[in-house]
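Reader: I should like to learn how to read a structural model of this kind. Could you guide me through it, feature by feature?

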Amino acid sequence: MVVAQDTSELSLGGQRAKANGYGPVGKGGALRGLLLHAALAIDAGNGGVIGLVDAKVWNRTGGKAKHRRSRTTKQKESQRWLDSTRRAAEVLTEAATITVVSDRESDIYAHFAFRPSRAHLIVRACQNRRIETGEEEQQIDLLFSHIDSLPEAGRLKVNVPAAPGRKARSSELAVRFSPVALCKPLHGAADLPEAVTLTMVDVRETSTVEGGKPIHWRLLTTHPVTNLVEARRIVDLYRMRWVIEEYFHTQKTGGFDIEAADISDPEVMIRFATAVAVAAVSVMQLVKARDGTTGQTLLEVFEPADQSIIEAVSAKLEGKTERQKNAHPKGSLAFAAWVIARLGGWDGYYGKPGPKTMRLGLEALQRIKFGASLRMADV
Ligand SMILES: [Mn+2]
């Protein structure tokens with residue numbers, strides 16, 4: 001099982017948001033809003049979204065940041081990565097293995113040092129840390145120059161999907177990997193261990209990329225890597241991090257448009273954003289399940305009582321031709337996704353229903369359920 005965690009900024013405006021008590025977000029401090037940190041559990045086998053492991057919404061108030069080492073707000077904020085990793089290990093008791101993946105912001109020594117033994121990590125490195133090399137006497141090297149000096153272990157082919165400002169491409173990655181012993185940061189806290197042993201997997205695109213940056217990921221992981229197959233696995237697991245970006249997009253312009261909510265009181269907005277964080281998971285689950293590839297049941301998103309309503313709505317929406325029928329088995333999440341997408345305005349033919357359609361469909365289902373409960377009360 002993969003857990004993708006990340007932080008997203010909800011930009012809610014400038015001067016007026018500031019006057020309402022919203023703290024700074026983004027660089028420069030001109031924009032005001034809230035921060036959302038979330039961790040999503042994903043089935044590493046089929047890409048299905050299992051659920052929300054952790055979510056926290058907060059308002060960054062507390063004045064001007066001081067020098068980095070005495071910045072208490074920053075320290076408290078970086079704790080979020082450790083907290084979500086610990087939470088994943090606590091709640092995902094059924095999972096055989098848990099791999100928590102996160103981007104460069106989470107390259108924090110304590111994150112590696114204090115991870116629960118059940119939770120493996122894959123973190124994209126941004127700090128050129130000191131590492132110990134040589135067993136006899138203490139030799140010190142730097143992480144990035146060490147990995148750069150290694151010969152290529154081989155090459156991998158990957159498909160890079162399209163993104164805003166980027167065409168889809170297939171590319172070749174040169175792979176290097178090595179066990180590394182990171183040294184405790186010079187000004188690290190007293191309770192940190194002197195060194196942490198991890199593996200670094202370095203992948204970089206071999207050809208130049210038109211209109212975009214070539215991939216270069218330096219991934220630090222607690223998983224052992226001794227061959228190219230295992231290195232590929234680390235890259236593939238890290239790439240599942242993309243799901244959390246889609247999840248944030250769902251909360252914003254992709255689905256709920258939360259940044260357009262005009263709520264002046266930060267406390268009320270925090271509660272609203274938390275509710276959207278939960279609702280957006282159901283939307284993501286439906287989007288991922290729409291092709292029937294995740295093998296999930298309807299009950300992973302809906303209440304048992306919803307099943308007969310969804311089946312009744314499906315029967316009503318189905319047309320006469322094969323192509324107008326719900327092709328998925330009853331009881332599957334894919335069956336429900338077809339119904340919700342149709343309720344959300346999808347015609348059943350063209351394109352694939354995205355987060356906005358699924359959100360509208362879920363709202364329509366709520367109205368249908370409400371109507372059904374009124375009719376029940378009439379009798
Ligand atoms: Mn991030």
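**The nonpolar core and its surroundings**

Author: Let us begin with the interior. The largest nonpolar core comprises 82 residues, and V3, L40, A88, A273, A336, A337 and I340 have the most contacts inside it. Please keep in mind that this is a predicted model.

Reader: Which helix gives the most to this core?

Author: Helix 7, spanning residues 266-289, does so with 11 residues. The core also draws at least three residues from each of domain 1 (1-103 + 241-282) and domain 2 (290-378).

Reader: What does A336 touch, leaving aside residues up to four places away in sequence?

Author: With those neighbours set aside, A336 touches L298, V301, F302 and I310. A336 is also among the residues with the most contacts inside the largest nonpolar core.

Reader: How should I read the two domains in relation to each other?

Author: One may look at the bounds, then at the separation, then at the contacts. The assignment gives domain 1 as 1-103 + 241-282 and domain 2 as 290-378. Their centres, taken over C-alpha atoms, are 29 Å apart. Across the boundary, 9 residues of domain 1 are in contact with 10 residues of domain 2.

Reader: What is the character of the side of domain 1 that touches domain 2?

Author: That side of domain 1 consists of 7 polar residues, 1 nonpolar residue and 1 charged residue.

Reader: How does one judge the overall form of the chain?

Author: A useful approach is to compare the radius of gyration with the value expected for a globule. For 379 residues, a compact globule would have a radius near 21 Å; the chain has 23 Å, which agrees. The C-alpha atoms fill a box of roughly 85 × 50 × 45 Å along the principal axes. Of the 379 residues, 34% count as buried. Among contacts with a separation of 6 or more, 59% are between residues 24 or more positions apart.

Reader: How many helices and strands are there, and how do I read strand pairing?

Author: The chain has 10 helices and 12 strands. For pairing, one asks which strands are joined, in what direction and by how many bridges. Strand 12 (residues 216-221) runs antiparallel to strand 6 (residues 119-124), with 3 bridges joining them. Strand 11 (residues 195-205) is likewise antiparallel to strand 12, through 6 bridges.

Reader: Which residues of strand 12 stand opposite V123 and R204?

Author: L220 in strand 12 stands opposite V123, and H216 in strand 12 stands opposite R204. When reading such positions, recall that side chains in a regular strand alternate between the two faces of the sheet.

Technical notes:
Residues numbered from 1 in each chain as written. Predicted model: local features only at pLDDT ≥ 70, side-chain atom pairs only at ≥ 80, totals over all residues. Helix = DSSP H or I, 4+ residues; strand = E, 2+ residues; numbered from the N terminus. Rg over C-alpha atoms; globule rule 2.2 N^0.38 Å. Buried ≥ 20, exposed ≤ 12 C-beta atoms within 10 Å, placed from the backbone. Contact = placed C-beta atoms within 7 Å. Domains from an automatic or database assignment. Nonpolar A, V, L, I, M, F, W, Y, C, P; charged D, E, K, R; others polar. Core = buried A, V, L, I, M, F, W, Y, C linked by C-beta atoms within 7 Å. Pairing = 2+ DSSP bridges.
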